[in-house]
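Got your viewer open and a selection box ready? Let's take a walk through this one, stop by stop.

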Amino acid sequence: MAPRRAAALRDGDVSLRDHLIDAATRLISERGTAGLTVRDIARAADVAVGVLYNHFADKEELLALALHRHVRDVEEHLGRPRTDGTLAENLHAFVTHALAAHTAFLPAFAGLIGHPEVFARFDALPNPMADGHGLHRALADYLRTEQSRGHVAADTDPDAVATLVVGACHELVLPRVFRGPTAPSPIPPDRVDALVATVLNGIVPR
């Protein structure tokens, strides 16, 4: 480890382990995970390659922890969707938030297709969004609260609604992640309105 880096760590509150996670997170934010090597991370952290293995079982553990922090950073940057409006306003805010979040962090996961060990390590960590609950549970819990207030029909399944909404966000974002420049045009603004209206009104003629 370079002397200047050692001094920086001694003078601060960041452990070497956290410093390495920070360096990996920064690289993931800047360039994604495709082709990211241990040597790249060590260079960004200004340490010898072997130092990483003193603090992590393997590269997969470090990548999983850095991905976890990357998702948390995305959510912190975006802020939380509002929950103080009407049901329609809050659903609109949730969908807009979920689309922005998935657009920001899903590209980092695309570079790890074919590396299930990283996904397994990531899945073993607490959910990085909504205070550890994740978007699905956060939405379902919110709908249950509205249901108890009589704002959502008693026979509505909040988990099914959450699956439809979060799944729709994946469907709208994933083509742009995997197709790159050939992806469809940006998501039309009225698509969010249409999705929220469908959730609120259903599809059965009244």
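Our starting point is the residue just past helix 9: select G202, which follows that helix and has a positive phi, near 75 degrees. Keep in mind along the way that this is a predicted model.

**Stop one: helix 9**

Now step back and select residues 189–201, which make up helix 9. Put a distance between the C-alpha atoms at its two ends and you should get 19 Å. At 1.5 Å a residue, 13 residues should span 18 Å, so the distance agrees with what a helix of that length calls for.

Next, show the side chains of V192, L195 and V196, which are buried. Turn the view until you look down the axis of helix 9: the buried residues fall within an arc of 95 degrees, so they line one face of the helix. What do they pack against? Bring up helix 5 (87–110) and helix 8 (158–179), the partners of those buried residues.

**Stop two: the largest pocket**

Leave helix 5 and helix 8 on screen and add helix 6 (116–123) and helix 7 (134–148); each of these four supplies at least two residues to the lining of the largest pocket. Helix 5 gives the most, with four residues.

To centre the view, select F105, F122, N127, P128 and M129, which lie nearest the centre of the pocket among its 18 lining residues. The space in there comes to about 380 Å³. Colour the lining by class and you'll get 12 nonpolar, five polar and one charged residues.

**Stop three: H97**

Stay on helix 5 and pick H97, which is found there. Is H97 buried or exposed? Its relative accessibility is 7%, below the 20% cut-off, so H97 counts as buried. Setting aside neighbours within four places in sequence, the contacts to display around H97 are E75, L78, G79, P81, M129 and L135. You've met M129 already, as one of the residues nearest the centre of the largest pocket.

**Stop four: the cavity**

Rolling a probe the size of a water molecule over the atoms shows where empty space is left. How many cavities of 30 Å³ or more does the structure hold? There is one, and the largest cavity has about 40 Å³ of space.

To find this cavity, select V38, L52, Y53, F56, D58, K59 and L62, the residues that line it. By class, that lining has five nonpolar, no polar and two charged residues. For the charged pair, click on D58 and K59.

Methods
Residues numbered from 1 in each chain as written. Predicted model: local features only at pLDDT ≥ 70, side-chain atom pairs only at ≥ 80, totals over all residues. Heavy atoms only, no water. Expected span 1.5 Å × (residues − 1). Buried < 20%, exposed > 50% of the residue type's maximum accessible area, 1.4 Å probe, protein only. Arc of directions from axis to C-beta. Contact = heavy atoms within 4.5 Å. 1 Å grid on protein atoms, 1.4 Å probe; cavity = no way out; pocket = protein on both sides within 12 Å on 5 of 7 lines; lining within 4 Å. Points joined across faces, edges and corners; volume = space filled by probe spheres on them.
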